[in-house]
Amino acid sequence: MGESVLHITYRDTATPYHFAINIPSNKEQQAYDWLKNRVDILKDGDDKIINFVRWNAKAIYFYDADHNIVELIARKNLNNKSSKDFDENSFLEISEIGIPTTTIKREFNFLNKNYGLNIYDGNFERFCAIGNENGLFICINKNTKDWFPTNDKAYPSDFEVIIRIKGKEFKIKYQDEQLRPLITNDQ
């Protein structure tokens, strides 16, 4: 997907998750038109294209085949407009991964101390987006908040991610409800 690679591994105990993909900042309507014939669009009330005023972004949500909540998000601040018609080649990068937890502050401290990531929006009580518009860890308190816009119960699932900061790559895993550095044989 553009600058990102997503690899989903089957597990008997897996639960649906949330991730988001950046699309060109001017393509939310074309993305909706392209998606509506392929999947059912998840709405927030009557809104099929959800306007996040504080984030200067518009998003469309749908379930993938594994019932993950996928979001296509057009972030106006990125100013990455495209003149091409929207299609599967319009996915720019994975821009969000959800982290249901009860320890938002601990996850923030890990990301801030080790990688210099700051709070983009929210706080440590219920919801905290950590990082920037090209990559956010979406921490939610799994006891008080569910996945938007469906209100599906948010369960933590293990994942591994590689993030790039100032040209350097870092491997992180979320396992047993805690973020940690992922050490591999090539490090």
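This talk covers a few strands, one buried glutamate and two cysteines in a predicted model.

I'll start with strand β4, residues 57-63. Five of its seven residues are buried, so β4 is largely enclosed by the rest of the structure. Its pairings are as follows. Strand β2, residues 41-42, runs antiparallel to β4 and is joined to it by two bridges. In that pairing, I41 has F62 of β4 as its bridge partner. Strand β3, residues 50-52, also pairs with β4 in the antiparallel sense, here over three bridges. If you want a position to look at, F52 stands opposite A57 in β4. β3 and β4 make a hairpin, with four residues between them. In that turn, N56 has a positive phi of about 50°.

After β4 comes the pairing with strand β5, residues 69-75, antiparallel again, with seven bridges. F62, the bridge partner of I41 in the β2 pairing, has V70 as its partner in β5. The hairpin of β4 and β5 has five residues between the strands. There, H67 takes a positive phi, near 70°.

Now the second group of strands, β7, β8 and β9. β7 covers residues 119-122 and β8 covers residues 127-132; the two are antiparallel and share three bridges. G122 is paired with C128 of β8, and I will come back to that cysteine. The β7 and β8 hairpin has four residues between its strands. From β8 to β9, residues 135-141, there are six bridges, also antiparallel. F127 finds its bridge partner in I140 of β9. That hairpin has two residues between the strands.

E133 is in this loop, between β8 and β9. What is the nearest side chain of opposite charge to E133, and how far away is it? It is R75, at 4.8 Å. The cut-off for a salt bridge is 4 Å, so E133 is buried yet has no salt bridge. The E133 side chain does make a polar contact, with the side chain of N77, at 3.3 Å. Leaving out residues up to four places away in sequence, E133 touches N22, W55, R75, N77, L78, S95 and Y120. R75 is therefore among the contacts of E133, although the pair does not count as a salt bridge, because that needs a nitrogen and a carboxyl oxygen within 4 Å. R75 also falls within β5, residues 69-75, and Y120 within β7, residues 119-122.

Last, the cysteines. A disulfide is a covalent bond between the sulfur atoms of two cysteines. How many disulfides does the model have? The count, with a cut-off of 2.5 Å between sulfur atoms, comes to zero. C128 is in no disulfide, and the nearest cysteine sulfur to its own is that of C139, 6.2 Å away. Why is C139 not bonded to C128? Its sulfur is 6.2 Å from the one in C128, the closest cysteine sulfur, and that is too far for a bond. Are these two cysteines buried or exposed? C128 is buried, with a relative accessible area of 0%. C139 also counts as buried, at 0% relative accessibility.

To recap: β4 is largely enclosed, because five of its seven residues are buried. E133 is buried without a salt bridge, and its side chain has a polar contact with that of N77. The disulfide count is zero.

Note on methods
Residues numbered from 1 in each chain as written. Predicted model: local features only at pLDDT ≥ 70, side-chain atom pairs only at ≥ 80, totals over all residues. Heavy atoms only, no water. Pairing = 2+ DSSP bridges. Buried < 20%, exposed > 50% of the residue type's maximum accessible area, 1.4 Å probe, protein only. Lys, Arg positive; Asp, Glu negative; His and termini not counted. Polar contact = N/O pair within 3.5 Å; in protein donor to acceptor, adjacent residues only side chain to side chain. Contact = heavy atoms within 4.5 Å.
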